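Biologist: I should like a close look at a single part of this protein, namely the surroundings of one buried side chain and the core to which it belongs. Please then place that part within the whole chain.

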Amino acid sequence: MRISRRILATAVVAAALLPLAACGSGNDDGSSGDASGKVEGDITFQTWNLRANFKSYFEGVIADFEKKYPGTHVKWVDQPAEGYADKLSAEAAGGTLPDVVNVSPDLAAPLAKAGLALDLDKDKAAAKYRDEYLPGAWASSRIPGLPGTYAFPWYLNTGPLFYNKALFKKAGLDPDQPPKTYAELFTDGLEMAKKTDGKVATLANVPTVEDFGRYGVQLMNKEGTAFTFNDAKGVELLAKYKELFDAKALDPQALTATPESSGQKFLTGAVAMNPGSALDLKNFKTQAPTLYKNIGITDQITSTGHVNMYVQNVMVSAQSKRKPAAVAFAHFVTDAQNQMSFAKQVAIFPSTKGSLDDPYFTKEDGTDETRVRVAAAKSLKTAVNYTPVVFSDQMKTELRNEVAKALQGKQSPKAALDNAVKACNQLLQQG
């Protein structure tokens, strides 16, 4: 079984998304059934390039766990970042899957389908913790076509949008009322392009599967066996983006844009809205002070009322010989106290209920860091992970290529999405 690698990056803190895993102990004794029973025995904790930056934090978590549960021992092994997904795949194939594994939802999906991930909803010892987490975070490890939930939610991320208030005002738009929905975005985008003779685009990126989700498109059928984003609503969204592209309300270079190039466009005033982070605010302050004085921060564009979240989870192996200890440790790492402690060391957000109400996430102190943190935390309470867990990197490429053809007028939005869905469904069946 080969697991495709997912690049875990967001507009807010791409460099900070450092996942966690745990490796199977290989013990033959202990519970081989559910996770009920005494928490004891050895487990191995395998991390993904975390020791260099967070050695003291994780050593503290391990020490606290072992103190809480006498008779347990956690062996910590750290692995390089490169090739982690391949290593996880090899462990699954070789029967040495870690007891507790930090996975993104797409990495959990093939493991769950192979029966290697513990169903937390079915296991009584694990299910009792469900109400400690945000509903959207808990749901992030549900796999289309399968009952149950297959990992504990860990840390979250999302990205607010920056916008240039001066450009909005110059175009006759209210600088204090940026677009919130796609309908407002399309209206304001066309107006911005008209008033600036196409010199200022509102956006610099083509629509992704997340945009279709935030627009309200049903991305897959209920069985999780086929993609459906080529429905009437999906075609409508792509047609609207085609209007933006033709009017230069969508940057002409959007077809080949990277986060870096889009950021540069925003920096120079050629684009009015762009995702970013506190680090970007600091750069604006030194590199573009005029832009910095006119920066507005708003939520992601969404017509569903829910923004997109990026999530990391902690999965328990169904093959673990120490399920009570494995479930207890997975929960311990992801409980409110430890998540909050971790969030104060790296720019991530807890997935536990109530944590985002802490003053750390609700009160600004005048710094750029808190401006972005407060804005992002507010939207995460009801956020959704729109990207289907089975939507691979190959599928993302297929969608992007077909979207580009539609924007260039080489085929209709309907034909483009039909082709994308056909290709993605073929890849889904192959997987």
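**The core around Leu407**

Modeller: In this predicted model, Leu407 touches Val206, Leu238, Tyr241, Lys242, Phe245, Asp246, Leu250 and Leu255, with residues up to four places away in sequence left out of the count. Leu407 belongs to the largest nonpolar core, which has 70 residues. Together with Phe227, Phe229, Tyr241 and Leu399, Leu407 is listed among the residues with the most contacts inside that core. Tyr241 therefore appears twice: as a contact of Leu407 and as one of the core residues with the most contacts. The largest share of the core, 7 residues, is supplied by helix α18 (residues 413-430). Apart from this core lies another one, of 53 residues, with Ile43, Ile62, Phe65 and Ala125 among them. In soluble globular proteins, nonpolar side chains tend to be buried together.

Leu407 falls in helix α17, which spans residues 393-407. The same helix contains Glu398. With a relative accessible area of 29%, Glu398 counts as partly exposed, because a residue is called buried only under 20% and exposed only over 50%. Apart from neighbours within four places in sequence, Glu398 is in contact with Ala420, Ala423, Cys424 and Leu427. The C-alpha atoms of Glu398 and Ala35 are separated by 41 Å, and the two residues are 363 apart along the chain.

The strands come next. An open sheet of 3 strands has the order β3-β8-β4 and antiparallel pairing. Its edge strands are β3 (100-103) and β4 (152-157), each of which pairs on one side only. On average, and with direction ignored, neighbouring strands of this sheet are turned by 20° against each other. Between β4 and β8 (residues 310-316) there are 4 bridges, and Pro153 has Asn313 of β8 as its bridge partner.

Another open sheet of 3 strands follows the order β6-β5-β7, also with antiparallel pairing. Here β6 (273-275) and β7 (295-298) stand at the edges; each has a single partner strand, so one side of each is left without a neighbour in the sheet. The twist from one strand to the next averages 30°. Strand β5 (residues 161-164) pairs with β7 over 4 bridges in the antiparallel sense, and Phe162 stands opposite Ile297 in β7.

Strand β4 also takes part in covering a helix. Helix α14 (residues 336-343) has Asn338, Gln339, Met340, Phe342 and Ala343 as its buried residues. The elements that cover these residues include α1 (51-68), β4, α13 (323-333) and α15 (359-362).

As to the whole, the protein chain has 18 helices and 8 strands. Of its 431 residues, 56% count as buried. The radius of gyration is 23 Å, which agrees with the value near 22 Å that a compact globule of 431 residues would have. Along the principal axes, the C-alpha atoms fill a box of roughly 75 × 50 × 35 Å. Among contacts between residues at least 6 apart in sequence, 76% join residues at least 24 apart. The accessible surface comes to about 18300 Å², and 50% of it belongs to carbon and sulfur atoms.

How values were computed: Residues are numbered from 1 along each chain as its sequence is written. This is a predicted model: local features need pLDDT of at least 70, side-chain atom pairs count only at pLDDT 80 or more; totals for chains, interfaces and linings use all residues. Side-chain values use heavy atoms; hydrogens and water are left out. A nonpolar core is a set of buried Ala, Val, Leu, Ile, Met, Phe, Trp, Tyr and Cys residues joined through side-chain atoms within 4.5 Å. Buried means under 20% relative accessible area, exposed over 50%, partly exposed in between (1.4 Å probe, protein chains only). Helices (H or I, at least four residues) and strands (E, at least two) are DSSP runs, numbered from the N terminus. Contact means heavy atoms within 4.5 Å. Two strands pair if DSSP finds at least two bridges between them. Axes are lines fitted to C-alpha atoms, for helices over the stretch in contact, and angles run from 0 to 180 degrees between N-to-C directions. The radius of gyration is taken over C-alpha atoms; the globule rule is 2.2 Å times the number of residues to the power 0.38. Accessible areas come from the Shrake-Rupley method with a 1.4 Å probe; for residues, only the protein chains shown count as cover.
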